[in-house]
Each structure stands twice: as structure tokens, then as C-alpha cells.
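Let's take a walk through this model, starting with an enclosed space, moving on to the ligand and ending with a few spots along the chain. Have the viewer ready and follow along.

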Amino acid sequence: MAVLLTGGAGYIGSHTAVELISDGRSIVIADNFSNSSPGVIDRIEKITGRRPKVYDIDVCSPEALEKVFSENEIDSVVHFAGFKAVGESVAKPLMYYENNLYATINLLKTMKRHGTRRIVFSSSATVYGNPKTVPIREDADRYCTNPYGWTKYMSEQILTDAANADPELSVVLLRYFNPIGAHKSGLIGDDPSGIPNNLLPYITQVAVGRREFLGVFGNDYNTHDGTGVRDYIHVVDLAKGHLKAIDYAMNNSGVLAVNLGTGIGYSVLDIVKAFESATGLHIPYRIQQRRSGDIDACFADPAAALEKLGWKASLGIEEMCASAWNWQKNNPYGYGEKK
Ligand code: UFG
């Protein structure tokens with residue numbers, strides 16, 4: 001019996017692969033490496049001493065996915081695969097809807113044919129849009145502000161409808177807040193292509209000399225220092241949440257939506273300070289215009305994760321920043337060469 005990880009070579013997928021293998025579980029990875037590096041697989045093997053079985057396929061291909069399910073005994077799926085750049089989704093909405101929604105549908109159809117009944121879905125706090133209140137509970141209103149977010153929202157709905165129609169199906173929707181940091185080995189980490197959109201990779205690229213300064217997107221938000229507040233969570237804590245979610249799905253049917261966050265909000269300037277104190281480095285920054293679509297504050301009420309999954313984040317902001325830097329300094333250009 002094995003767990004299938006779609007998008008298992010990506011940032012969150014690779015960390016989850018390591019935690020699953022380290023826990024003695026069998027995994028199969030399906031990834032077309034469109035936004036990840038084949039070199040990740042060597043790194044997973046180096047950390048765990050075991051090389052996962054890998055299929056270089058597009059999860060949208062019915063034939064390719066059928067082959068994965070017919071050649072392996074898949075008893076649960078963690079579905080990470082999908083396009084994830086907010087700005088790109090605004091420019092290319094149809095590409096996002098076609099890829100992200102069809103992957104979910106194809107997966108569910110293939111699972112049904114093979115009697116696989118447990119799926120954990122990589123969703124996002126983006127489904128809460130601009131929250132009316134924080135901390136955010138799972139029953140808060142949902143609304144999205146860009147096509148990427150809508151693909152998460154709609155995939156949640158597709159999975160929920162599939163579970164309503166099939167009482168044996170078990171679905172866990174994991175709503176991630178802001179994953180940062182890296183495995184303590186420094187062998188795997190976040191490696192965005194092009195100019196990073198997200199805060200931490202931008203900071204680590206400034207630290208390693210690839211970028212001159214950090215642009216802070218606005219200092220007039222309704223927060224303690226005017227910069228945006230988010231719930232940053234260590235990617236290894238997040239990865240461990242997936243193991244708990246798989247176990248929950250093994251023992252329950254129906255749909256469960258769970259926030260994976262720490263419940264603590266840090267501003268952009270808090271993060272700059274935390275990174276400086278964890279690493280001893282100086283991060284020059286300049287205040288710039290707000291980024292369109294950004295919100296004041298977003299952080300989780302993580303109570304349901306503890307109650308339903310028995311999961312709680314354990315790593316603090318210092319470990320998040322130190323591990324992100326450990327990864328970047330050992331791999332200044334990520335998995336590749338100078339880009
Ligand atoms: N920020 C900067 N400068 C940068 C990058 C970001 O000041 O160069 C600020 C943003 O304005 C925001 C904070 O840092 O206040 C965090 O921004 P990120 O881009 O790192 O993260 P977001 O919260 O905007 O988005 C993340 C994921 C999305 C997901 C969303 C859910 O990237 O995929 O969380 O809340 F949808």
C-alpha cells in the first residue's frame with residue numbers, strides 16, 4: 001500500500017515526502033517537473049536513505065494517471081499538483097482553471113475506478129479572501145480575489161460534492177497559511193522560478209546577494225506597524241500535518257476542512273527583524289506601493305487541527321528563518337545553476 005503524492009517534487013510535496021518516508025510509509029510521486037526540479041528526488045533519497053518511485057507525468061492525463069494506479073496499490077492520495085502563482089493566474093485564467101480543476105477531476109475519476117477512497121487536498125487560506133475577522137475559523141465566509149484562489153475554492157467544492165455522492169470517500173481539505181523555512185538538512189527548500197513573489201524567498205535572495213534590497217509592499221495597513229500581517233508556518237510542521245490528515249482520512253469518511261497555521265501573526269517588518277536576529281545578517285529594505293489584492297491581516301484559528309487531527313505547529317519563527325537561510329546559503333541558486 002502506498003500514498004500517492006501528486007506534485008511531490010514541489011516545495012511542500014518534497015517536505016511531505018521526507019516526513020512520510022521517515023515515518024516508514026511507502027510513497028509514489030507523480031510530478032511533471034513543470035515547476036520543480038528532478039534533482040529533488042536525489043535530495044529526498046539523500047535525506048531518507050530511500051528513493052521514492054517517481055512518475056514523470058501530467059496529472060491531467062487520464063492514461064498516464066491510470067498507469068500509476070494500475071502499477072501501484074494506492075490507498076490514499078495527497079494532491080499538491082497545481083499552478084500556484086497569483087499574478088500569473090490573473091494573466092492566464094483559463095490555463096489555471098483548465099490545469100488545476102481538471103487535475104482534481106481526473107484524480108477523483110481514477111481513484112474511483114481503483115477503489116482509492118482517501119484524499120488530502122492542498123488548499124489555501126486564500127479561500128477566505130479578505131477575512132472579516134481574525135483569527136480565521138474554518139467556517140468563516142469564503143471568497144477569492146484571483147483565479148488561483150478560485151481554483152482552490154472550486155477544487156474544494158468538487159471534492160466536497162464527490163464525497164457527498166460517495167459515502168465511502170474521505171476528503172481532508174488542508175488550508176495552508178504561509179509556509180516558509182526548509183528541512184534542517186539544508187538539502188530541500190523553496191526554489192521559486194524567476195523573481196520570488198513571496199516574502200521569505202525574496203529575503204533569502206537579498207541575504208545571499210542575488211537581490212539588492214527587499215521591497216516592502218505598503219506601510220499603511222491596519223496593523224501594529226502598518227505592514228501586512230500573516231501566519232507563517234514552518235514547512236516541516238506543515239508536512240507533518242499531512243501525515244495526521246492521511247491518518248484521519250483512514251478512519252473517517254466525509255469532508256473535513258482544517259486550517260494549518262500557527263495562530264500567530266507577524267508583520268513584514270517583524271519577519272525582517274526575526275530573519276536578521278536568527279542569521280546575524282542585515283536585510284536592506286525600502287517601503288514601496290501596496291501590492292494589488294493584498295490584505296491587512298490573515299492568521300489562523302488552529303484549534304480544529306488540534307481537536308480533529310491532533311496536530312499543532314511546534315517550530316517558531318527563529319527556526320523558520322534560520323532553516324530558510326541554511327537552505328539558501330547552501331544552495332544560492334536553488335536546485336539549479338545561476339539564472
Ligand atoms: N511582501 C512584501 N514584499 C515582497 C513579498 C511580499 O512586502 O517582496 C509582503 C506582502 O505584501 C504580504 C506579506 O509580505 O503582506 C506576505 O506575502 P507573500 O506573497 O509571501 O504571501 P501572501 O500572504 O500574499 O500569499 C500567500 C501565498 C498564496 C496564498 C496566500 C493565502 O503565496 O499562494 O498566502 O493567504 F494564496
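Which helices each supply at least two residues of the lining of the largest cavity? They are helix 5 (93-114) and helix 6 (147-165). Before going further, some ground rules: this is a predicted model, where local features need pLDDT of at least 70 and side-chain atom pairs count only at pLDDT 80 or more, while totals for chains, interfaces and linings use all residues. Residues are numbered from 1 along each chain as its sequence is written, and side-chain values use heavy atoms, with hydrogens and water left out. Helices (H or I, at least four residues) and strands (E, at least two) are DSSP runs, numbered from the N terminus.

Now for the cavity itself. Rolling a probe the size of a water molecule over the atoms shows where empty space is left. Here, a cavity is a set of points, on a 1 Å grid over the protein atoms alone, where a 1.4 Å probe fits but cannot get out, and lining residues have an atom within 4 Å of a point. Grid points are joined across faces, edges and corners, and the volume is the space filled by probe spheres set on the points. Searching the whole structure turns up one cavity of 30 Å³ or more, and the largest cavity holds about 40 Å³ of space. Its lining is made of His79, Ala81, Gly82, Asn100, Thr104, Phe121, Thr151, Lys152 and Ser155. Helix 6 gives the largest share of that lining, three residues. Sorted by class, the lining has two nonpolar, six polar and one charged residues; Ala, Val, Leu, Ile, Met, Phe, Trp, Tyr, Cys and Pro count as nonpolar, Asp, Glu, Lys and Arg as charged, and the others, Gly among them, as polar.

One of the lining residues, Asn100, deserves a closer look. Asn100 sits in helix 5 and counts as buried because its relative accessibility is 6% (buried means under 20% relative accessible area, exposed over 50%, partly exposed in between, with a 1.4 Å probe and protein chains only). A polar atom of the Asn100 side chain lies 2.8 Å from the backbone nitrogen of Phe83. That is a polar contact, a pair of N or O atoms within 3.5 Å; within protein, one must be able to donate a hydrogen and the other to accept it, and residues adjacent in sequence count only if both atoms are side-chain atoms.

Next, the ligand. Of the 18 residues around the ligand, Asn198, Gly215, Arg230, Arg291 and Asp294 come nearest (a residue is near if one of its heavy atoms lies within 4 Å). Asn198 puts a polar side-chain atom 2.7 Å from a ligand oxygen. Gly215 uses a backbone N or O atom, 2.8 Å from a ligand nitrogen, and a polar backbone atom of Phe217 is 2.9 Å from an oxygen of the ligand. On its own the ligand has 690 Å² of accessible area, and the protein covers 88% of that (areas come from the Shrake-Rupley method with a 1.4 Å probe; for residues, only the protein chains shown count as cover). Strand 8 (residues 214-217) gives the largest share of the shell, four residues. The shell divides into eight nonpolar, seven polar and three charged residues.

Head now to the loop between strand 2 (27-30) and helix 2 (39-48), where you'll find Ser36. Phe33 lies in that loop too, as does Ser37. Is Ser36 buried or exposed? Ser36 is buried, since its relative accessible area is 18%, and its side chain makes a 3.2 Å polar contact with the side chain of Asp31. Ser37 is buried at 17%, and its side chain reaches the backbone nitrogen of Gly39 at 3.0 Å. Phe33, buried at 16%, has a phi near 55°, a positive value in a residue other than glycine.

There's a backbone oddity elsewhere as well: the peptide bond from Val134 to Pro135 is cis, with omega near -5°. Pro135 is in the loop between strand 5 (118-124) and helix 6. For context, most residues other than glycine have a negative phi, and most peptide bonds are trans.

Finally, two pairs separated along the chain. Leu169, in the loop between helix 6 and strand 6 (170-176), is buried at 7%; its C-alpha is 5.8 Å from that of Ser253, 84 residues apart along the chain. Asp247, in helix 8 (residues 235-251), is partly exposed at 31%, and its C-alpha is 9.7 Å from that of Ser76, 171 residues apart in sequence.

Terms used. On a 1 Å grid over the protein atoms alone, a cavity is a set of points where a 1.4 Å probe fits but cannot get out, and a pocket is an open set with protein on both sides within 12 Å along at least five of seven lines; lining residues have an atom within 4 Å of a point.
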